Amino acid sequence: MQKIKNIAVIAHVDHGKTTLIDKLLQQSGTFASHQKIEERALDSNDIEKERGITILSKNTAIEYNGYKINIIDTPGHADFGGEVERVLKMVDGVLLLVDAQEGVMPQTKFVLKKAIELDLIPVVVINKIDKPSAEPDRVVNEVFDLLVALDANEKQLEFPVLYAAGKDGYAKWELEDKNIDMKPLFDAIIKYVPSPSGSKDNPTQAQVFTLDSDNFVGRIGIVRIFNGKVKKGDEYILVKASGEKIKSRVSKLIGFKGLNRIEIQEAEAGDIVAIAGFNDIDVGDSICDKNKPIPLDPMHVEEPTLSVVISVNDGPLAGTEGKHVTSNKIKDRLIKEMETNIAMRMESLDDSSFKVSGRGELQIAILAENMRREGFEFLLARPKVVIREENGVKLEPFEYLVIDVPEEFQGVVIEKLGKRKAEMKALTPMPDGTVRLEFEIPARGLIGFRSEFLTDTRGEGIMNHSYLEYRPYSGKVESRTKGALVSTENGEAVAFALFNLQARGVLFVKPQDKVYVGMIIGESARSGDLDVNPIKSKHLTNMRTTSADEAIKLVPPRVLTLEGAMEWIEDDELIEVTPKSIRVRKRALDPIVRKREAREKKKGK
């Protein structure tokens, strides 16, 4: 029987998980000496490479000293917590990476809490010890305090600790040891991660924890085999979460080695493999012995906390830049996304709009970004939190927010968050001269806060947050205070008009950009919207003036990103997303309709 170890690498975003796995792959001897592998090899998708974050959990396998070590790289961002929860049920141990300078962060707590609940023993790796202001001893104490706070048992509290610099490819047991290679980490995995339970002689039991698809073989389920064997060509029963049973044959069995997938004939208890042949396969389904089907417990994933409405673009420029613009195309694409992303939900509101719910703004923005790269064109509304009602009490999601700022900015940050109904829980001076502030805040209060926060802290502040729980609704939260500059004309923006408008606020457009009635071309310096004409050109006459015309000097416009626009817009505004542009507009393009709606809103108050 094969000697197998299954581990997941968990950590807060940007604490170095994917880079560490790179070094493990390189030093395990899994690759041939001539093989060249890219940096952060597991971040395979374009957006992951661009942003330097992991979005989807991915698995790889390395061979070391006769052991097959299945490693799953997990996302570190709170919005992709659904991925982490599933993965932890498939492994027997976790490598918990903690940055030697930043220490325990919100997502560290979130992922570690899940691992403790599943009775996994963490192998703690204090990473980035080569940082000038690293404090490994303080961070080890923080991890211990966190485990105590999470009610870890005695076995979990006796966790092994290693010190590493993933980028330089070394790990060691003591800080005084020499920086050589990753061997101590391999040894720790083999020594401390339990071998898989279950036997190859029992009836087959396997569970799907993530999905993939292939144009030739259809849907592929990546599964952990808990008991028995899985053979290519054999018949098995797929047991759905609803209890429905479907008989099918394994058409393809795929094993993992390094970054490669290899076709295999058979796999046994403890291994992680990919299976094709089941068309209705879903995350959480069990694959069982056809004679003795014993399904495993279906998976529970925490509910979405944020929703956004995606609708067909009905603006004047609709269909000029996108390839897929109809509601049918958008609906098919969203259904396809829901098949593989179980942390998201989708419901049709009418023929042309769909409500998509997820765990955070970033998760929804990544979906929208992928769609626009695929040629889709659509409208996005302002994100809204998912409100629940229990026993007649209105509940809303709260977030745990950690902010690191230079000392001089702490006053303005505390004041702004106070207006957004945040409650401060701790203030800790950090060794690098910054202050760490901890808050509990309604998720509504965070919508639109990031851009304001970066401006207030001159780009030096760092904020991280993770989902806490549902609590009673906390009343009105202050949002954007400045109005919008709204175009009153259709056409192309003109430099002369923009030069005269830039004193009114910050512009989002540049000369020759297409504009239309109701499109927002900038942020007003004052509260309240302002109707402006961005296509007004200078009237030419044959009169000569003594003063030569001054050269028009334009301030570069603020380039709106998808997340930036989602945070900026208000309830009466929409984002127009196309493969080439991101524009912001009013929901009602006609100025007369907008005035009527404003009057009715005032009367309603």
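# Notebook: cores, strand 5, helix 12 and a few loops

**Cores.** I began with the largest nonpolar core: it has 64 residues, and Ile126, Val143, Ile275 and Ile287 touch the most other members. Before going on, a reminder to myself that this is a predicted model. A second core sits apart from that one; it has 34 residues, including Phe354, Ala368, Leu560 and Ala565.

I then picked Ile275 and listed its contacts, skipping neighbours within four places in sequence. What does Ile275 touch? I got Arg219, Ile220, Gly221, Val223, Val230, Val250, Lys252, Leu253 and Ile287. Ile287 is also one of the core members that touch the most others, so I noted the pair Ile275 and Ile287.

**Whole chain.** Next I pulled the overall numbers. The chain has 15 helices and 35 strands. Of its 605 residues, 53% are buried. Among contacts with a separation of 6 or more, 71% are between residues 24 or more positions apart.

**Strand 5.** Ile126 led me to strand 5, residues 122–127. How many of its six residues are buried? The count is six of six. I split them by face: Pro122, Val124 and Ile126 are on one side, Val123, Val125 and Asn127 on the other, and both sides are covered. That split follows the usual pattern, as side chains in a regular strand alternate between the two faces of the sheet.

Then I checked the strand's partners. Strand 4 (residues 93–99) runs parallel to strand 5 and is joined to it by six bridges. One of the pairings there is Asp99 with Asn127. Strand 6 (residues 161–165) also runs parallel to strand 5, with three bridges between them. On that side I found Val125 opposite Leu162.

**Helix 12.** I moved to residues 449–456, where Phe449, Phe453 and Asp456 are buried. Why do these three sit on the same side of helix 12? They cover an arc of only 65 degrees around the axis, which puts them on one side. The general rule fits: an α-helix has 3.6 residues a turn, so residues three or four places apart point the same way.

What do the buried residues of helix 12 pack against? I listed strand 24 (393–406), helix 10 (410–419), helix 11 (443–446) and strand 27 (462–472). Past the helix comes Arg458, with a positive phi near 50 degrees.

**Aromatic pairs.** I counted four aromatic pairs. Phe449 and Phe453 make one of them: the ring centres are 5.6 Å apart and the planes are at 35 degrees, so the pair is tilted. The two are four residues apart in helix 12, about one helical turn. Phe449 has a relative accessible area of 1%, and Phe453 also comes out at 1%.

Phe508 and Trp568 form another pair, edge-to-face, with 5.2 Å from centre to centre and 85 degrees between the planes. Phe508 is in the loop between strand 30 (505–507) and strand 31 (514–515), while Trp568 is in helix 14 (residues 562–568), so the pair ties together parts 60 residues apart in sequence. Phe508 is buried at 12% relative accessible area; Trp568 is buried at 6%.

**Loops.** I looked up Asp271 in the loop between strand 15 (266–268) and strand 16 (272–276). Is Asp271 buried or exposed? It is buried, with a relative accessible area of 4%. Its side chain makes a polar contact with the side chain of Lys68 at 3.2 Å.

On the other end of strand 16, Asn279 lies in the loop leading to strand 17 (286–289). Asn279 is exposed, at 60% relative accessibility. I checked its C-alpha against that of Ile220: they are 8.4 Å apart, though the residues are 59 apart along the chain. Ile220 had already turned up among the contacts of Ile275.

**Positive phi.** Two more non-glycine residues went on my list. Asn65 has a phi of about 50 degrees; it sits in the loop between strand 2 (58–64) and strand 3 (67–73) and is exposed, at 60% relative accessible area. Lys421 has a phi of about 65 degrees. Its loop runs between helix 10 and strand 25 (423–429), and Lys421 is partly exposed at 37%. Helix 10 is also one of the elements that the buried residues of helix 12 pack against.

Key:
Residues numbered from 1 in each chain as written. Predicted model: local features only at pLDDT ≥ 70, side-chain atom pairs only at ≥ 80, totals over all residues. Heavy atoms only, no water. Buried < 20%, exposed > 50% of the residue type's maximum accessible area, 1.4 Å probe, protein only. Arc of directions from axis to C-beta. Contact = heavy atoms within 4.5 Å. Core = buried A, V, L, I, M, F, W, Y, C linked by side-chain atoms within 4.5 Å. Pairing = 2+ DSSP bridges. Polar contact = N/O pair within 3.5 Å; in protein donor to acceptor, adjacent residues only side chain to side chain. Phe/Tyr/Trp six-rings, centres within 6.5 Å; stacked < 30°, edge-to-face > 60°.
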